[in-house]
Amino acid sequence: MLRIGIICYPTFGGSGVVATELGIALAKQGHLVHFISYEQPVRLNIFTENIYYHEVSFTNYPLFKYPPYEIALTSKIVDIVKAHNLTVLHVHYAIPHAAAAVMAKHILKSEGIDIKIVTTLHGTDITLVGKDGSYEPVVSYSINQSDVVTTVSKSLKEDTFKYFNVENDTKVVPNFIDFDRFNRLPKDHFKKAIAPAGEKIIVHTSNFRKVKRVADVVEIFSRIQEKIPAKLLMIGDGPDRIKIENDCREFDFCDKVTFLGKQEAIEEILSVADLFLIPSETESFGLAALEAMACEVPVISTNTGGLPEVNIDGLTGYTSDVGDVEKMAADALKILDDDALPKFKKQAKEQALKFRLSEILPQYLELYQD
Ligand code: GMT
């Protein structure tokens, strides 16, 4: 039995989702899992034996323009490791979690306690934010001081070596999907409510950040709906949502687009979908695409980062250069053709099965045991 600490973001973002699903799976196997975060992780919405949640809290002081979260997190890690005799910390997203874990490791070592750190890099902690000069030295140090480093795709491993002076070995452990949850569910009544005339249902989910290129989603949909009856469901929220939503109101197809905001039961919405759009600028893996594929939804994506490792061009959907909305729309129409769609749906599910939890969990367990 492991006694493991999981440090992650609590949000809908992929790194927090992966960390939470992993912790739940470990707890179901009888391992003791202690989550440490600033809020209860969103997917930790079930009561499961062997799971504990510790909130990082800190005292503010007028002198602090920036509350010292990393120090509070480090202190919480030290406290929880000692109180619960943890032996491994699994840190998701380098900034600031890996740095805090490394500092905690040094403090604990000075007290004769040896704790091992597994750091999983998720993407923007390397490709967008981490390589920025304001963070790079600390990210490099934290990577090199971790006992094990994993990346969620081959592409992210290459990026990590490209942007950082990595001295230790880095293993690729892809993200996974829990088929107990992500499966195409019988939701015909829901489908009829959204698309009463049998329109094709197209879905996008994201945190509506610049990197997601949400405007391209609308551009692609605009071209699709000119050719076939279709509806677009936009799920999630973030900085670009208000502008995109306002822009949509000006278009003559505005009644075909619905913004649903943040949704928990994403598998229910994906169960009525015919196509998933993810035209991101960069994406280290694209967990949202994998969730769609598990629900038998083919994918139109860009060909950047780890996306081609998940969405296989011509098989589970199509991949295109960033910004090539013409090709993405043309490919979408190929998929949505009634003769082609069943084949794409089947192939999407088959590909998703390669990432099932039972395939990936043993890879993490082996790292922890080592
Ligand atoms: O996409 C984001 O901005 C959120 C970010 C996160 O921290 O959750 O996502 C990253 O990690 C996910 C889980 O490993 C990956 O599926 C996403 O591709 C990755 N996002 C980017 O690389 C932009």
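Select Glu111 first: at 42% relative accessibility, this residue counts as partly exposed. The model on screen is a predicted one. Now add Lys82 to the selection. Its side chain forms a salt bridge with Glu111, and the closest N and O atoms are 2.7 Å apart. Lys82 is likewise partly exposed, with a relative accessible area of 39%, a value that falls between the 20% limit for buried and the 50% limit for exposed. Colour the secondary structure to place the two partners. Lys82 belongs to helix H2 (residues 69-84), while Glu111 sits in the loop between helix H3 (97-110) and strand E5 (116-121), so the salt bridge ties together parts that are 29 residues apart in sequence.

Next, move to helix H6 (residues 154-163) and select Asp159 and Lys162. These two residues are three positions apart in that helix, which means that about one helical turn separates them. Their side chains meet in a salt bridge, with an N to O distance of 3.8 Å. Buried or exposed: how does each partner count? Asp159 counts as buried, at 16% relative accessibility, whereas Lys162 counts as exposed, at 58%.

A further pair to select is Glu268 and Lys187. Their side chains also meet in a salt bridge, at 3.8 Å from N to O. This pair links distant parts of the chain: Glu268 is in helix H10 (residues 266-270), and Lys187 is in the loop between strand E7 (170-172) and helix H7 (188-194), 81 residues away. Glu268 is partly exposed, with a relative accessibility of 31%. Lys187, by contrast, has a relative accessible area of 19% and is buried, because the limit for that class is under 20%.

Then select Glu21, Arg43, Arg181, Glu267 and Glu291 together. Salt bridges with shared partners join these five residues into one network. For the structure, the count of salt bridges comes to 26.

Turn now to the ligand and display the residues around it. Which residues come nearest to the ligand? Of the 18 residues around it, they are Gly14, Ser15, His122, Arg209 and Glu283. By class, the shell consists of four nonpolar, eleven polar and three charged residues. Colouring by domain adds another view of this site: domain 1 (3-173) and domain 2 (188-355) each contribute at least three residues to the shell.

Zoom in on the oxygen atoms of the ligand. A polar side-chain atom of Glu283 lies 2.7 Å from one ligand oxygen atom. Select Asn207 as well: an N or O atom in its side chain is 3.1 Å from an oxygen atom of the ligand. At Phe285, show the backbone, where an N or O atom lies 3.2 Å from an oxygen atom of the ligand. To see how far the ligand is covered, switch on the protein surface. Taken alone, the ligand exposes 490 Å², and the protein buries 95% of that area.

For the last stop, select Ser358 in helix H15 (residues 357-369). Ser358 counts as exposed, with 52% relative accessibility; the limit for that class is over 50%. Finally, add Tyr93 and draw a line between the two C-alpha atoms. Ser358 and Tyr93 are 23 Å apart in space, C-alpha to C-alpha, and 265 residues apart in sequence.

Key:
Residues are numbered from 1 along each chain as its sequence is written. This is a predicted model: local features need pLDDT of at least 70, side-chain atom pairs count only at pLDDT 80 or more; totals for chains, interfaces and linings use all residues. Side-chain values use heavy atoms; hydrogens and water are left out. A salt bridge is a side-chain nitrogen of Lys or Arg within 4 Å of a carboxyl oxygen of Asp or Glu. Helices (H or I, at least four residues) and strands (E, at least two) are DSSP runs, numbered from the N terminus. Buried means under 20% relative accessible area, exposed over 50%, partly exposed in between (1.4 Å probe, protein chains only). A residue is near a molecule or strand if one of its heavy atoms lies within 4 Å of it. A polar contact is a pair of N or O atoms within 3.5 Å; within protein, one must be able to donate a hydrogen and the other to accept it, and residues adjacent in sequence count only if both atoms are side-chain atoms. Accessible areas come from the Shrake-Rupley method with a 1.4 Å probe; for residues, only the protein chains shown count as cover. Ala, Val, Leu, Ile, Met, Phe, Trp, Tyr, Cys and Pro count as nonpolar, Asp, Glu, Lys and Arg as charged, and the others, Gly among them, as polar. Domain bounds come from an automatic or database domain assignment.
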